[in-house]
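Reader: I've got a model open on my screen and I'd like to talk it through. Could you take my questions one by one?

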Amino acid sequence: MAGDGGYQEAYLADVIRFKMKRDNKRFWAGDNISEYVTEEMKHKLIDEATEAFELVLDRLLIDRETDPNSKGTARRLAKMYFNEIMSGRYETAPEATAFPNEPDNVTNECYDGMLVVRSELKSMCSHHHQPVSGVAYIGILAADKLIGLSKYTRIAQWCAQRGTLQEELCMDIAREIMKATGSADVGVYIQATHGCCENRGIRAHSSLTQTTVLKGLFKTDTAVKKEFMDNIKLQQDFAPR
Ligand SMILES: [Zn+2]
């Protein structure tokens, strides 16, 4: 630890940070850094973060020695960050096997319509580390490849399990869906409530934020855009938020 005067083995987190800086790899709260963090390293990083959270609790004057509820809190926090609320930073992209969009054997036509998938989202704002919770609607015009329906949600959740801003999250999901499907025509609409507006600051309950990212025909073709928005409306009528 800094300031204890003695020799201290370098923290793994410092070693990794050094490498990322050397490689000009950005490691903001919403960035995926899985190529620098192996499963093995994660255990060491959780140990190091536990130590740091212990210090935070000490500075907050919380008795983590005799308060039974605070005893394991530092480790619980460290594990929660790495394995749950920020897991999308350390895990590689979900496998999304792409299947060819085959023509049907009677009409010889491929599916060329729109697909809209609704995905529950749990995220965290990078400013206050408060929960963001909501739903994403992912629209796509079928291209040459199709991916399994659950993959849309897996990709969205992988993007969300980081420290994010909703605007950034919306763009991340659109980019990753385009990458996984090879489609240039993608729309992402998110509506979410933010703990940082509800639990602190203005303490506005049920504050709802909406963001939309449109790519390709979703942006340039008004009929496609309208169909996407109408589909969202239909989904919301069916499954109210
Ligand atoms: Zn916030």
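Author: Sure, here are the ground rules, then your questions. This is a predicted model, in which local features need pLDDT of at least 70, side-chain atom pairs count only at pLDDT 80 or more, and totals for chains, interfaces and linings use all residues. Residues are numbered from 1 along each chain as its sequence is written, and side-chain values use heavy atoms, with hydrogens and water left out.

Reader: How many helices and strands does the protein have?

Author: Both kinds of element are DSSP runs numbered from the N terminus: helices are H or I with at least four residues, strands are E with at least two. The C-alpha trace they sit on spans about 75 × 40 × 30 Å along its principal axes. The tally is nine helices and seven strands.

Reader: What percentage of the 241 residues is buried?

Author: Buried means under 20% relative accessible area, exposed is over 50% and partly exposed is in between, using a 1.4 Å probe and protein chains only. The accessible surface itself is about 14,200 Å², with 54% of it belonging to carbon and sulfur atoms; that area comes from the Shrake-Rupley method with a 1.4 Å probe, and for residues only the protein chains shown count as cover. The buried share of the 241 residues is 39%.

Reader: Of the contacts between residues at least 6 apart in sequence, what percentage joins residues at least 24 apart?

Author: Contact here means heavy atoms within 4.5 Å. With pairs at least 6 apart in sequence as the pool, the share joining residues at least 24 apart is 67%.

Reader: Which residues coordinate the zinc ion?

Author: Donors are N, O and S atoms within 2.8 Å of the metal (3.2 Å for Na, K and Ca), and water is not among the atoms, so sites may look incomplete. The donors follow the spacing C-x2-H-x67-C along the chain. At 2.3 to 2.4 Å, the coordinating atoms are SG of Cys125, ND1 of His128 and SG of Cys196.

Reader: How many residues apart in sequence are the parts that His128 and Cys196 tie together?

Author: His128 sits in the loop between β2 (114-125) and β3 (131-141), while Cys196 belongs to helix α7 (residues 195-198). Their surroundings can be put in numbers too: His128 is partly exposed at 35% relative accessible area, and Cys196 is buried at 13%. Because one is in that loop and the other in α7, the pair ties together parts whose separation in sequence is 68 residues.

Reader: Is Glu198 buried or exposed?

Author: Glu198 also has its place in helix α7. From Glu198 to Lys219, 21 residues along the chain, the C-alpha atoms are separated by 32 Å. With a relative accessible area of 18%, Glu198 is buried.

Reader: Which elements give two or more residues to the largest nonpolar core?

Author: A nonpolar core is a set of buried Ala, Val, Leu, Ile, Met, Phe, Trp, Tyr and Cys residues joined through side-chain atoms within 4.5 Å. The largest has 26 residues, and Leu121, Tyr152, Leu169, Ile173, Ile177, Val188 and Ile190 touch the most other members. The elements giving two or more residues are β2, β3, α5 (149-160), α6 (166-181) and β6 (186-194).

Reader: How many residues are in the second, separate core?

Author: Tyr36, Val37, Ile46 and Ala49 are included in that second core. Tyr36 is also in contact with Met20, as are Lys25, Phe27 and Ile33, leaving aside neighbours within four places in sequence. The second core's count is 15 residues.

Reader: What is the relative accessible area of Met20?

Author: Met20 has its place in helix α1 (residues 12-22). Its C-alpha is 8.8 Å from that of Ile33, 13 residues away in sequence. Met20 is buried, with a relative accessible area of 4%.

Reader: What is phi of Leu61, which is not a glycine?

Author: Leu61 is found in the loop between α2 (39-59) and α3 (73-85), and it is exposed at 77% relative accessible area. His129, in the loop between β2 and β3, also has a positive phi, near 55 degrees. For Leu61 the positive phi is about 60 degrees.

Reader: Which residues does Lys225 touch, not counting residues up to four places away in sequence?

Author: Lys225 lies in helix α9 (residues 222-238) and counts as partly exposed at 36% relative accessibility. Beyond those sequence neighbours, Lys225 touches Leu214 and Phe218.
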